[in-house]
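Please open the model in your viewer and keep the sequence panel beside it, since each stop below asks you to select something and then look at what surrounds it.

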Amino acid sequence: MDKPDSRGGDHRPVSSLSANTVHDAGGATKSRAESVNMAPEYGNKLVDEFQYLLEKSQSLFHGLRDLPTYGKKQWQPYFGRTFEIYTRLWKFQQTHRAVLDARYGLKRWQIGEIASKIGQLHYHYYLRTSETHYLY
């Protein structure tokens, strides 16, 4: 018999079905295997889009080093564009993880690098503005 957890609910293992299912754009549920076995040209488009977002995000991130530490008008728009591209990249890799795993060979450390860069962006924005809500 399963013991209740500290929140009062049952402690049951997560079904393997839920870990192996994805939702497409229309909300339909299908297995990860079905989502990976889609039309080759669609999978290639996803990989191309991911590579574009990755290269663009890295380019913008490296450009932050060249910005002067003073003058709001120069660095804030650049930070905004960098935040935006990293947000798009993060959501894209979450949405299309199965396809990127199969066709691009996306590794766990690459996902960690993206997350790390987002954290660094927040920290450096805090250093420039002293607004603590960017640290949460």
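The tour goes from the whole chain to single helices, then to the core, one pocket and a few chosen residues.

**The whole chain.** Bear in mind throughout that this is a predicted model. Colour the chain by secondary structure, and you should find six helices and two strands, which follow one another from the N terminus in the order α-β-β-α-α-α-α-α. The protein has 136 residues, of which 28% are buried. If you display contacts between residues at least 6 apart in sequence, 58% of them join residues that are at least 24 apart.

**Helix α3.** Select residues 40–63, which form helix α3. The C-alpha atoms at the ends of this helix are 34 Å apart, and this agrees with the expected span, because 24 residues at 1.5 Å a residue should also cover 34 Å. Now show the side chains of the buried positions in α3, among them L46, V47, F50, L53 and L54, and, further along, S57, L60 and F61. The glycines G43 and G63 are also buried in this helix.

**The largest nonpolar core.** Which residues have the most contacts inside the largest nonpolar core? Select F50, L64, F79, Y86, L89 and L121, which hold that place in a core of 24 residues. Two or more residues of this core come from each of α3, α4 (72–95), α5 (97–104) and α6 (108–129), and α4 gives the most, with eight residues.

Stay with Y86 and show what lies around it, leaving out neighbours within four places in sequence. On one side of the list of contacts are S57, Q58 and F61, and the others are I114, K117, I118 and L121.

**Y78 in helix α4.** Next, select Y78, which is found in helix α4. Is this residue buried or exposed? Y78 counts as buried, because its relative accessible area of 16% falls under the 20% cut-off. Beyond the neighbours within four places in sequence, Y78 is in contact with S59, L60, G63, L64 and L67. A distance drawn from Y78 to F61, C-alpha to C-alpha, should read 9.4 Å, although 17 residues separate the two along the chain.

**The second largest pocket.** Select L64, R65, F79, H124 and R128, which lie nearest the centre of the second largest pocket among the eleven residues that line it. About 230 Å³ of space lies in this pocket. Helices α3 and α6 each supply at least two residues of the lining, and the largest share, five residues, comes from α6. If you colour the lining by class, you should see five nonpolar, four polar and two charged residues. Note that L64 and F79 take part here and are also listed among the residues with the most contacts inside the core.

**Helix α5 and what follows.** Finally, select α5, where A98, V99 and L100 are buried. D101 is found in this helix too, but D101 is only partly exposed, because its relative accessible area of 39% lies between the cut-offs of 20% and 50%. Add V47 to the selection: D101 and V47 are 54 residues apart in sequence, and their C-alpha atoms are 9.9 Å apart in space. Just after α5, stop at G105, where the backbone takes a positive phi of about 80°.

Note on methods:
Residues are numbered from 1 along each chain as its sequence is written. This is a predicted model: local features need pLDDT of at least 70, side-chain atom pairs count only at pLDDT 80 or more; totals for chains, interfaces and linings use all residues. Side-chain values use heavy atoms; hydrogens and water are left out. Helices (H or I, at least four residues) and strands (E, at least two) are DSSP runs, numbered from the N terminus. The expected span of a helix is 1.5 Å times one less than its number of residues. Buried means under 20% relative accessible area, exposed over 50%, partly exposed in between (1.4 Å probe, protein chains only). A nonpolar core is a set of buried Ala, Val, Leu, Ile, Met, Phe, Trp, Tyr and Cys residues joined through side-chain atoms within 4.5 Å. Contact means heavy atoms within 4.5 Å. On a 1 Å grid over the protein atoms alone, a cavity is a set of points where a 1.4 Å probe fits but cannot get out, and a pocket is an open set with protein on both sides within 12 Å along at least five of seven lines; lining residues have an atom within 4 Å of a point. Grid points are joined across faces, edges and corners, and a volume is the space filled by probe spheres set on the points. Ala, Val, Leu, Ile, Met, Phe, Trp, Tyr, Cys and Pro count as nonpolar, Asp, Glu, Lys and Arg as charged, and the others, Gly among them, as polar.
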